[in-house]
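Here's a quick briefing on how the sheets in this model are put together and which helices sit on them. Have a look at the fold first.

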Amino acid sequence: MTIYTDLVAHAEMMKTKHMRDLFAADPNRFQKFHVTFGEFLLDYSKNHITDETMTLLQRLAHESGLAQARQDMFEGKRINTTENRPVLHIALRNRDNHPIYVDGHDVMPEINMVLDKMHVFSDDVRQGKWIGATGKTITHVVNIGIGGSDLGPAMAMNALAFYKTKDIQFHFVSNVDGTDIVETLKKCPADRTLFIISSKTFTTQETLTNAQTARAWLVAQLGEEAVSRHFVAVSTNIEAVRAFGINPENMFVFWDFVGGRYSMWSAIGLSLMIGIGYDNFIDMLTGAYEMDQHFLTAPFDKNMPVLMGLIGLWYTTYLGAESYAVLPYDQYLNRLPAYLQQLDMESNGKSVQKSGMPISYHTGPILFGEPGTNGQHSFYQLIHQGTHLIPIDFIAPIHSLNETGDHHPILLANVVAQAEALMRGKTAEEVRDEGTPESLIPFKIFQGNHPSNMLLFDKMTPRVFGSLIALYEHKIFVQGVIWKVNSFDQFGVELGKQLAKTVLKEIKDYSQNLNHDSSTNALIQKIREKRHP
């Protein structure tokens, strides 16, 4: 028998088990199924697992070549096979500065040079040394990007808002819907606003459309010569940056070996460095580096990203779960689920193996989430009493950065209680013993047996935050290796964008013939009628 068939057979057996009974049979279950690293405690005991499950899953990891794949990534091998690129976001936070080679070239000097340039620039903005065209200091920073060029720094700025300067307001524009940029510009004084245009190629349609609108708005108030004092770029396209009016000296580069959804550690994080300061940014990189080293060196049975990756894969591939929820009980992490949606679903939302062969099993799950306790008054009903298997990651700090009365004890009580309630449920006998009328008993039964991980840490710091994001990056990598997919391309985002170029021409020029399906033709025609009466 293969490891796959062993796991399929084991999954069928586990479907008949209830976690309540597993806990009753093993008083030491938590001791077996938890791991610590730094400030983190991962309790994975409330899952549909036994010793045999974990043994089989670790065997799967070994037979899938995870150890070698992990080594290949850290050594700069071209593991992004469809684009023939290394995957080296780990180099961006290489805090011991050991050489990392790509084709015999050490990439660390270039990375450190850009980091130093970010340091000088961010300090200048924070300290009022960088002034706008009228001689005034910067009080508003607008990051214009999309995807990883927006989600990463925007999520991180929220997560680390406690450490953010109070002298500057930060705004993030990504949607090509004009409302996004227009409403943002209403908040900004032109003579005190700095725009960071984040686009590797400087051709991304949404980003450049928003950037041109911001440019026109600024020029209308301050003149053409003001552009170079109010715009900087994070890009690799120096000619397009210069043509826009940005001084190439104010362009911050990053590299093809950094995918967009892994880029917040790079110059894409420039707005974040301005917000929280260089020292805090370095602490964030340090936390990520520490998780990198843990992932690289810890044995699989003590390795936090490996364990989380294997457990998630267990539900998706073997137990039939199609989604999972990330539920941070920390308001600072309110954008984390949205960030992880891209990180996970863009990485492993694939139906073809790296070999080009189609996949016959489930890969990347649908991810959703909301900060607690908001979600408890929203979708938790479906998780508790619905018909879907939805594994959960609960995330919570033990101490709040804003200790106020009983707020944080109440928050912690809720996250712990939710995990217990989902695992245990409530039987008909327990409902009846509460004096519930017989007619209502079926409605108040909770089946339980709903799985969750609990990830606790002491409090939200830049270092903890860096480790947290790196943890999920490596978890997703683990799953991609075992599913045999390339987690680092994203061709799935391209087709719709390509078709949109044709549709845009047809919407703007209603003399063009329409050659789509009947539905698409009718929609375009209706838009034409309304926009060109």
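One open sheet has 6 strands in the order β1-β2-β13-β12-β10-β11, with mixed pairing. Strands here are DSSP E runs of at least two residues and helices are H or I runs of at least four, numbered from the N terminus; two strands pair if DSSP finds at least two bridges between them. This is a predicted model, where local features need pLDDT of at least 70, side-chain atom pairs count only at pLDDT 80 or more, and totals for chains, interfaces and linings use all residues. Residues are numbered from 1 along each chain as its sequence is written, and side-chain values use heavy atoms, leaving out hydrogens and water.

**The mixed sheet**
- Its edge strands, each pairing on one side only, are β1 (34-37) and β11 (366-368).
- From one strand to the next, the twist averages 15 degrees (axes are lines fitted to C-alpha atoms, for helices over the stretch in contact; angles run from 0 to 180 degrees between N-to-C directions).
- Strands β2 (40-43) and β13 (452-457) run antiparallel, joined by 3 bridges; leucine 42 has leucine 455 as its bridge partner in β13.
- Helix α14 (304-318) lies across β1, β2, β12 and β13, at about 145 degrees to β1.

**The parallel sheet**
- Another open sheet has 5 strands, ordered β6-β5-β7-β8-β9, with parallel pairing.
- At its edges are β6 (169-173) and β9 (251-252), each paired on one side only.
- Strand β5 (140-144) pairs with β6 over 5 bridges, and valine 141 stands opposite phenylalanine 170 in β6.
- Helix α7 (148-159) packs on this sheet, touching β5, β6 and β7 (contact means heavy atoms within 4.5 Å), and makes about 150 degrees with β6.
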